[in-house]
Amino acid sequence: QVQLVESGGGLVQPGGSLRLSCAASRSIRRIDTMGWYRQAPGKERELVAEITSGARTNYRDSVKGRFTISRNYAENTVYLQMNNLKPEDTAVYYCHIDKYYYDDYYYDLWGQGTQVTVSS
């Protein structure tokens with residue numbers, strides 16, 4: 001069974017930086033879009049950034065210019081570089097794959113989540 005393993009969360013002061021990483025646990029043949037979502041307490045899960053198999057990126061407005069998503073296609077990993085972090089970025093961040101092929105096509109794979117806390 002394929003799983004997503006996330007790392008890189010933690011506590012950082014406002015204005016600081018963190019880099020999140022997410023890797024698939026096994027080699028899979030094809031992944032469409034990989035992305036990062038986040039969920040703050042009492043709020044719905046929201047898309048932060050995503051990157052397609054063709055390297056097109058999409059960001060929510062509030063992180064544009066501060067966050068950068070990147071992907072290693074050979075190793076099936078995705079990264080989120082977060083700069084100039086703000087307290088409102090505090091949330092659990094989840095890695096996501098929309099569609100991938102392993103022994104068949106599968107949809108909506110989620111990581112376990114990593115906590116990001118921005119506080120002085």
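## The disulfide

In this predicted model, the torsion about the S-S bond of C22 and C95 is about -85°, so the disulfide is left-handed. The two cysteines belong to distant parts of the chain, with C22 in strand β3 (residues 18-24) and C95 in strand β10 (residues 91-101), a separation of 73 residues. Their sulfur atoms, S to S, are 2.1 Å apart, and the structure holds 1 disulfide.

Neither cysteine lies at the surface in the sense used here, since both C22 and C95 are buried, with under 20% relative accessible area.

## E6 and its surroundings

E6 is placed in strand β1, which covers residues 4-7. Once neighbours within four places in sequence are set aside, the residues in contact with E6 include both disulfide partners, C22 and C95, together with S21, W36, Y93 and Y94. The contacts of E6 also include G111, Q112, G113 and T114.

## Charge and polar contacts of E6

E6 is buried yet has no salt bridge, and R45, the nearest side chain of opposite charge, is 8.0 Å away. A salt bridge would require a side-chain nitrogen of Lys or Arg within 4 Å of a carboxyl oxygen of Asp or Glu.

Polar atoms of the backbone do, however, approach the side chain of E6: the backbone nitrogen of G113 is reached at 2.5 Å, while the backbone nitrogen of Q112 lies 3.4 Å from a polar atom of that side chain. Q112 and G113 are also among the residues in contact with E6.

How values were computed:
Residues numbered from 1 in each chain as written. Predicted model: local features only at pLDDT ≥ 70, side-chain atom pairs only at ≥ 80, totals over all residues. Heavy atoms only, no water. Helix = DSSP H or I, 4+ residues; strand = E, 2+ residues; numbered from the N terminus. Buried < 20%, exposed > 50% of the residue type's maximum accessible area, 1.4 Å probe, protein only. Lys, Arg positive; Asp, Glu negative; His and termini not counted. Polar contact = N/O pair within 3.5 Å; in protein donor to acceptor, adjacent residues only side chain to side chain. Contact = heavy atoms within 4.5 Å. Disulfide = S-S within 2.5 Å.
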